Amino acid sequence: MSNAARKKRGAFSVKSHVEGRAVAGRGVGAVQLPEGVKFYKFSKKGPVRIDILQYKTSRPELHSHSDNGLWYEMTYFIHRNVGIDNASVLCPKATLKKPCPICEYRNSLDRNDEEDKKKIKALYPQERQLFNVVVHEDGKLSDVMVLDQSRFGFGKIIDDMVLGADEEDDHYQYYPDLKDGSTLKINVDELKGGDFTYFGAASIEFKERRVSYDSSWLERTIDLDSILCEVSYEELRDMFFGVGSHDPANQQQDDDDDDELPAKPQKSQTKSSSDVSKSEKSSPKRGVIDDFEDDDDDDDEPPAKPKKKPPIDDDEDDDEPPTKPKVPAKSAEPKKRVPVEDWDDEDD
């Protein structure tokens, strides 16, 4: 189908959004799925085919724009190994444009001190993305699942392909559209990141989608805006500074370990909670973090001081917990599978 025909049909295009985020910053998050919904993870080497589908957004203000109330991904940001439980928590500043005590502590460190520079860099929240996906399995379509990936290791690859597409491949921009989208063929491999390995996308190809999804699939996709677990400012502050403990429900384990670990604040550099402003006068636009070092390769750095190298382990709880600064204690206030035409990969 030609792009002119796609435009005439009103096919959903991601190109303007990708162009906009190409100059934006980065961000955070923790996720809790609705009952009965599963995460999809890359679990072995080899090709997999998935379709990324649109969903009805309940919070369009979180996105650069939405097309008739529909969107296709949720970008969020997380601080990792927070508190005595080593939790991964949503960064309210980068994700929701709300004050974040961890970001405030980061901003209070001395940028001229070499040790503080390392901690400042490590305390930046890590950017991730959520997608509604349908997986092609043994000639059938799976139920809708949620794919949670580092943007650097997945979403950025797709964005770069959309931005770099020539006229012949300009249809890439419509890949999440229900009727006129593309299937993504993902070549999964065991990737190396420092002292660890994980299964991730070694390469991605756009393929002609051989099934068309009708509007009823919008009732099956998950509202990704509603599954982020927001922690209050006070609770996040107490978690970070070691006051009490926190056990987030259904804490999502990262699919890959290509993000940096948070810093380990030292007692000599501790500032009391009264020294750190509870609110920041200016909250940057979602995904833009002030003074962020815009280097996508940061996501690919190994975690700091891992206990030992697992063969393939994406459990973030294996990371060494950070040392917390000492501060005055303060109390914190299955569906039926649809047959689909068999794939013929011989010409791929």
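The paragraphs below lead through a predicted model, beginning with its nonpolar cores and moving on to its charged and aromatic side chains.

A good place to start is the largest nonpolar core, which has 44 residues and in which Ile50, Phe154 and Ile186 have the most contacts. Several elements each supply at least two residues of this core, among them strand E2 (46–53), strand E7 (126–137), helix H6 (151–163) and strand E10 (182–193). The surroundings of isoleucine 50 give a view of this core from within: leaving aside residues up to four places away in sequence, isoleucine 50 touches Tyr40, the run of Val133, Val134, Val135 and His136, then Leu147 and Phe154, and finally Thr183, Leu184 and Ile186. Apart from this core lies another, of 19 residues, which includes Val89, Ile102, Tyr105 and Ile120.

Strand E5, which spans residues 74–82, holds isoleucine 78, and this residue counts as buried because its relative accessibility is 1%. Between the C-alpha atoms of isoleucine 78 and valine 31 there are 9.9 Å in space, although the two are 47 residues apart in sequence.

Charged residues can also be found in buried positions. Arginine 128 lies in strand E7, and because its relative accessible area is 0%, it is buried. The side chain of arginine 128 is joined to that of aspartate 148 by a polar contact of 3.2 Å.

Across the whole structure, a search finds 13 salt bridges, and three of them can be followed here in turn. In one, the side chains of aspartate 51 and arginine 209 meet with an N to O distance of 3.6 Å; this pair links distant parts of the chain, since aspartate 51 belongs to strand E2 and arginine 209 to the loop between E11 and helix H7 (233–240), 158 residues apart. Both aspartate 51 and arginine 209 are buried.

In another, lysine 45 and aspartate 189 meet through their side chains at 4.0 Å, N to O, and here too distant parts of the chain are linked, with lysine 45 in the loop between E1 and E2 and aspartate 189 in strand E10, 144 residues apart. Lysine 45 has a relative accessibility of 54% and therefore counts as exposed, while aspartate 189, at 31%, counts as partly exposed. Glutamate 115 and lysine 118 form a salt bridge whose closest N and O atoms are 3.9 Å apart, and both lie in helix H5 (residues 114–122), three residues apart, or about one turn of the helix. Lysine 118 is exposed, with a relative accessible area of 56%, whereas glutamate 115, at 42%, is partly exposed.

Aromatic side chains complete the tour, and the structure holds 12 aromatic pairs. The rings of tyrosine 40 and phenylalanine 42 have centres 5.8 Å apart and planes at 85°, so this pair is edge-to-face; tyrosine 40 is buried at 11% relative accessible area, and phenylalanine 42 is buried at 5%. Tyrosine 72 and tyrosine 175 also make an edge-to-face pair, because their planes stand at 90°, with the ring centres 6.0 Å apart. This second pair links distant parts of the chain, 103 residues apart, with tyrosine 72 in the loop between strand E4 (70–71) and E5 and tyrosine 175 in the loop between H6 and E10, and both tyrosines are buried. Tyr72 and Tyr175 belong to one aromatic cluster together with Trp71, Tyr172 and Phe206. Elsewhere, arginine 220 lies over the face of tryptophan 217, at 4.0 Å from the ring centre.

Methods. Residues are numbered from 1 along each chain as its sequence is written. This is a predicted model: local features need pLDDT of at least 70, side-chain atom pairs count only at pLDDT 80 or more; totals for chains, interfaces and linings use all residues. Side-chain values use heavy atoms; hydrogens and water are left out. Helices (H or I, at least four residues) and strands (E, at least two) are DSSP runs, numbered from the N terminus. Buried means under 20% relative accessible area, exposed over 50%, partly exposed in between (1.4 Å probe, protein chains only). A nonpolar core is a set of buried Ala, Val, Leu, Ile, Met, Phe, Trp, Tyr and Cys residues joined through side-chain atoms within 4.5 Å. Contact means heavy atoms within 4.5 Å. A polar contact is a pair of N or O atoms within 3.5 Å; within protein, one must be able to donate a hydrogen and the other to accept it, and residues adjacent in sequence count only if both atoms are side-chain atoms. Rings of Phe, Tyr and Trp (its six-membered ring) pair if their centres lie within 6.5 Å; planes under 30 degrees apart count as stacked, over 60 as edge-to-face and the rest as tilted. A charge sits over a ring if NZ of Lys or CZ of Arg is within 6 Å of the ring centre and within 35 degrees of the ring normal.
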